[in-house]
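Reader: I'd like to talk through how the labels on this model are earned. Could you take me through the reasoning, step by step?

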Amino acid sequence: MSTGTGLRATPDTAAFRATVREWLAEHRGMAPRVRAQPTSGDVAQWRAWSSAIAEAGFAGITWPEDASGRGLSYAHLEVWQSECARAGLPDHFGVIGTDMAGPTIVEWGTPEQRERLLPPILSAAEVWCQGFSEPDSGSDLAAARTRAVLDGDEWVIDGQKVWSSFAQWSHWCLLVARTEPDAPKHKGLSMLLVDMTLPGIEVRPLPQITGDPEFNEIFFAGVRIPRDSMLGGRGDGWKVALTTLDHERATHGIALSAHLLSELEAVRRLLRDPRTDGGRAAADADLRDRFAELWTSCQALRVTNLRSIAQLDRTGKPGPEGTIAKLHWSETNQRLAALARDAMGLHALLSGTAAPDHGHWAYNLLRTRGNTIEAGTSEILRNIIAERVLGLPRAR
């Protein structure tokens, strides 16, 4: 069974795919294990892997050439990400930078900011995180209360952010802060570029149900940054943040969907594995029906992503397809992990070398619970689709 790996090939993308496959085959020995995030023990391996990706020209594939990228199409990016997934190999360590912060800097940054900040993202010399969500506002980004007050030639930042992936490894934070306290909440925000090594910043990792400290709290107490450490103008923070979120759900969503198709193929093999619950799974009509439904769902997601890629290549800007894809991916991924659990029976409780899959599905079953929360909860995404895609009245 073929799950499909990308757009209809052109001679250019076919040649690019062959190059990618050859490179991945030659370098797979240096790749870290695929997982949501690295641990303190394998960060160096992730950096080396990402640096090799950049040296080979597979980082910043769609970034403009004058922004340290290759200026290729999103179809080429889809080739790279689908081939990584097919080979069971991870993409770049600094995905917040390559897929979210970087494209935002490309669109909103000054020439000086682009020159200084973009090359280290690609080489993984500098890792980025996002300072968006807050404890009291959750998915309501416009209600952010972290403040930045101008004091001479410096912004002074006070506040707290939460659910910041990679913050414990990061050199920079793309920070949404309130700089205009008297303006309406959407118009009172600005986007700041914060050096994470500055005094007054504390990062507290938050261990998840998987045991990994994947997310973090970030505390800012009198943190001082230069006045020109702003992306866009004062009060543009909401618009800049939407650029970041659109790329998170579209550009980064292409990678997530590629891995979903790879996981679907792994479940197909699992259903046929005689070690799964005494070989019962392949003969179970309910499991077969659930797999067929998930296969159909994954193909629908793939087509939606192809539409998103076409939109990106036409306009250079993500469209609403990214929001639809993120919602669909998160819920499909959860159902896929649940199917794997039911196919494995009691084996699904095992981890490490004791499990037939070395604990892959036990980990995924726990990790996928966060899919419908991160990058916008399913409830928020449904509101966005209703209002911005279907044109329905606002929820409030």
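Author: Gladly! Let's start with rings: those of Phe, Tyr and Trp (its six-membered ring) pair if their centres lie within 6.5 Å. This is a predicted model, and a search of the whole structure finds nine aromatic pairs.

Reader: Why is the pair of phenylalanine 16 and phenylalanine 58 called edge-to-face?

Author: The ring centres of phenylalanine 16 and phenylalanine 58 lie 5.9 Å apart, with 70° between the planes. Planes over 60 degrees apart count as edge-to-face, so 70° earns that label.

Reader: What makes this a pair that ties together parts apart in sequence?

Author: Phenylalanine 16 sits in helix H1 (residues 11–27), while phenylalanine 58 belongs to the loop between helix H2 (43–55) and helix H3 (74–87). The two parts are therefore 42 residues apart in sequence. Both phenylalanine 16 and phenylalanine 58 are buried, too.

Reader: And why is the pair of tryptophan 23 and tryptophan 49 called tilted?

Author: Here the centres are 5.5 Å apart and the planes stand at 40°. Stacked needs under 30 degrees and edge-to-face over 60, so with 40° the pair is tilted. Tryptophan 23 is in helix H1 and tryptophan 49 in helix H2, 26 residues apart, and the pair links these distant parts of the chain. Tryptophan 23 and tryptophan 49 are both buried.

Reader: Which residues form one aromatic cluster?

Author: Phe16, Trp23, Trp49, Phe58 and Trp80 do.

Reader: How do you know that alanine 31 is buried?

Author: Its relative accessible area is 12%. Buried means under 20%, so alanine 31 qualifies. Alanine 31 lies in the loop between H1 and H2, and leaving aside residues up to four places away in sequence, alanine 31 touches Gln45, Trp49, Leu89 and Pro90. The C-alpha atoms of alanine 31 and tryptophan 49 are separated by 5.7 Å, although these residues are 18 apart along the chain.

Reader: Zooming out, how many helices and strands does the protein have, and why is it called as compact as a globular protein of that length?

Author: There are eleven helices and eight strands. The radius of gyration is 21 Å, close to the 21 Å that the globule rule gives for 396 residues, so the protein is as compact as a globular protein of that length. Of those 396 residues, 53% count as buried.

Reader: What share of the contacts between residues at least 6 apart join residues at least 24 apart?

Author: That share is 72%.

Key. Residues numbered from 1 in each chain as written. Predicted model: local features only at pLDDT ≥ 70, side-chain atom pairs only at ≥ 80, totals over all residues. Heavy atoms only, no water. Helix = DSSP H or I, 4+ residues; strand = E, 2+ residues; numbered from the N terminus. Rg over C-alpha atoms; globule rule 2.2 N^0.38 Å. Buried < 20%, exposed > 50% of the residue type's maximum accessible area, 1.4 Å probe, protein only. Contact = heavy atoms within 4.5 Å.
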